[in-house]
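Here are a few exercises on cavities and ligand surroundings. Grab your viewer and work through them in order.

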Amino acid sequence: MTRILVTGGAGFIGSNYVRMLLERGEDEVLNLDALTYAGNLENLAEVEDSPAYSFVKADIRDAERIQAIFEQHRPEVVVHFAAESHVDRSVLDATEFVQTNVVGTQVLLDAARRTGVTRFVHVSTDEVYGSLGDTGLFTEDSPLQPNSPYSASKTGSDLLVRAAYHTHGFDTVITRCSNNYGPYQFPEKLIPLMIANALEGKKLPVYGDGKNVRDWIHVRDHCEGVDVVRRRGQAGEVYNLGGNSERQNLQVVRGILELAGKGEELIEYVTDRPGHDRRYAIDASKVQAEFGWEPTMTFEQGLEETFRWYVDHRDWWERVRSGAYQDYYARNYGARLGG
Ligand code: NAD
Ligand code: TDX
């Protein structure tokens with residue numbers, strides 16, 4: 001059994017990853033999460049009674065507290081998901097992005113190195129590479145050209161992880177994945193937002209011309225990819241993970257409307273996101289060649305499964321949509337959406 005400390009395990013991808021580890025039953029999991037607006041322990045209700053699971057509420061920006069937790073629990077491996085993750089929020093205010101994504105990552109690296117952690121897995125994103133034109137794919141050697149405060153802060157954290165390896169010989173690996181979707185995704189990201197709005201008969205706010213392209217991957221495939229890199233990745237290396245499923249936003253939105261049995265009149269074109277990256281697409285051939293990992297779910301299969309999940313878990317997303325989230329929704333879309 002490996003003692004794995006997962007940061008951000010109450011969020012979307014982190015909770016899917018924790019569930020996967022506990023269902024497999026090979027490791028002990030300590031979930032460290034500050035429970036921001038995006039962190040919800042309900043996501044782990046099915047597995048929280050497992051004897052191999054424990055939770056600690058802590059903020060990765062708090063160096064003293066983080067050091068004490070590492071000294072007490074002595075994790076062997078860290079898998080670092082915790083982050084401010086939504087691009088639109090970073091456009092409105094980048095402060096928390098710099099504090100959590102950059103400063104928080106350095107706090108974790110320091111505590112992990114000082115307490116003898118043997119491997120640090122940093123979960124990054126394809127957005128660090130910037131934007132593509134109509135052709136080509138991001139490889140691990142593509143230049144880092146982030147365009148949003150979110151992606152710039154993720155790039156900052158990637159570079160600090162890289163520096164910990166090169167300067168201190170600390171064992172780190174970095175994964176860079178494309179857009180995730182699936183159960184427990186906070187309904188501010190494209191797919192769950194559009195599903196929830198379609199189910200409620202609300203307008204579906206499409207930014208710009210709707211022709212921006214994302215490479216979609218089901219969260220379970222991403223979690224498998226992170227785990228293969230945790231077990232088999234080489235120290236100091238970066239591994240791209242992608243879904244081989246490029247879709248224009250409008251294709252995604254139309255697919256959701258079809259599943260919901262609703263018409264295109266619900267689509268509303270709204271002012272574009274400032275600095276909106278046009279296209280992301282990932283070349284994941286390195287991880288495929290070295291470890292045989294590849295995504296297993298087609299986008300159409302995954303979207304339908306995800307749609308059903310949101311239909312069956314309406315109480316979950318209605319609860320998370322209340323309160324603080326509503327304030328953000330009004331700030332981001334208030335002036336953009338008519339009626
Ligand atoms: P999320 O916003 O759903 O979850 C983030 C989690 O981190 C939450 O549980 C939150 O409470 C926690 N957190 C935030 N600030 C914290 C702090 N200061 N201290 C401790 N915990 C804190 O995010 P997600 O979509 O699950 O993304 C997880 C990771 O994967 C992020 O690092 C993100 O950059 C990366 N990633 C996401 C995607 C995607 O499509 N969602 C794609 C590639 C990479
Ligand atoms: O209301 C919307 N309307 C719209 O047209 C929203 C929320 C999004 N969009 C567009 C913007 C993007 O082109 O949909 C696309 C996807 O948007 P998001 O779901 O916000 O994802 P993205 O900006 O691509 O970033 C995501 O993928 C990389 C995650 O949020 C990041 O955490 C991850 O690193």
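**Exercise 1.** Work out how many cavities of 30 Å³ or more a search of the whole structure finds, and describe the lining of the second largest one.

*Solution.* Keep in mind that this is a predicted model. Step one: searching the whole structure turns up two cavities of 30 Å³ or more. Step two: the second largest cavity comes out at about 60 Å³. Step three: list who lines that cavity, namely Val87, Val91, Glu127, Asn147, Ser148, Arg214, Arg273, Pro274, Gly275, His276, Asp277 and Tyr280. Step four: sort that lining by character, and you get four nonpolar, four polar and four charged residues.

**Exercise 2.** Describe the shell around ligand 2: how many residues surround the ligand, and of what kinds?

*Solution.* Start with the count: 23 residues surround ligand 2, and Glu127, Tyr150, Arg273, His276 and Tyr333 are the closest. Now split the shell: 10 residues are nonpolar, seven polar and six charged.

**Exercise 3.** Find polar contacts of ligand 2 with serine 85, tyrosine 207 and arginine 273, then see how much of the ligand the protein covers.

*Solution.* Take the backbone first. A ligand 2 oxygen sits 2.8 Å from a polar backbone atom of serine 85, and for tyrosine 207 there's also a 2.8 Å distance from a ligand oxygen to a polar backbone atom. Next, the side chain of arginine 273 has an N or O atom 2.6 Å from an oxygen of ligand 2. As for cover, ligand 2 has 650 Å² of accessible area on its own, and the protein covers 94% of that. Last, look at the elements giving two or more residues to the shell: helix H3 (87–92), helix H6 (190–200) and strand S8 (204–207).

Key. Residues numbered from 1 in each chain as written. Chains lettered and ligands numbered in written order. Predicted model: local features only at pLDDT ≥ 70, side-chain atom pairs only at ≥ 80, totals over all residues. Heavy atoms only, no water. Near = heavy atom within 4 Å. Polar contact = N/O pair within 3.5 Å; in protein donor to acceptor, adjacent residues only side chain to side chain. Areas by Shrake-Rupley, 256 points an atom, 1.4 Å probe, with all protein chains shown as cover. Helix = DSSP H or I, 4+ residues; strand = E, 2+ residues; numbered from the N terminus. Nonpolar A, V, L, I, M, F, W, Y, C, P; charged D, E, K, R; others polar. 1 Å grid on protein atoms, 1.4 Å probe; cavity = no way out; pocket = protein on both sides within 12 Å on 5 of 7 lines; lining within 4 Å. Points joined across faces, edges and corners; volume = space filled by probe spheres on them.
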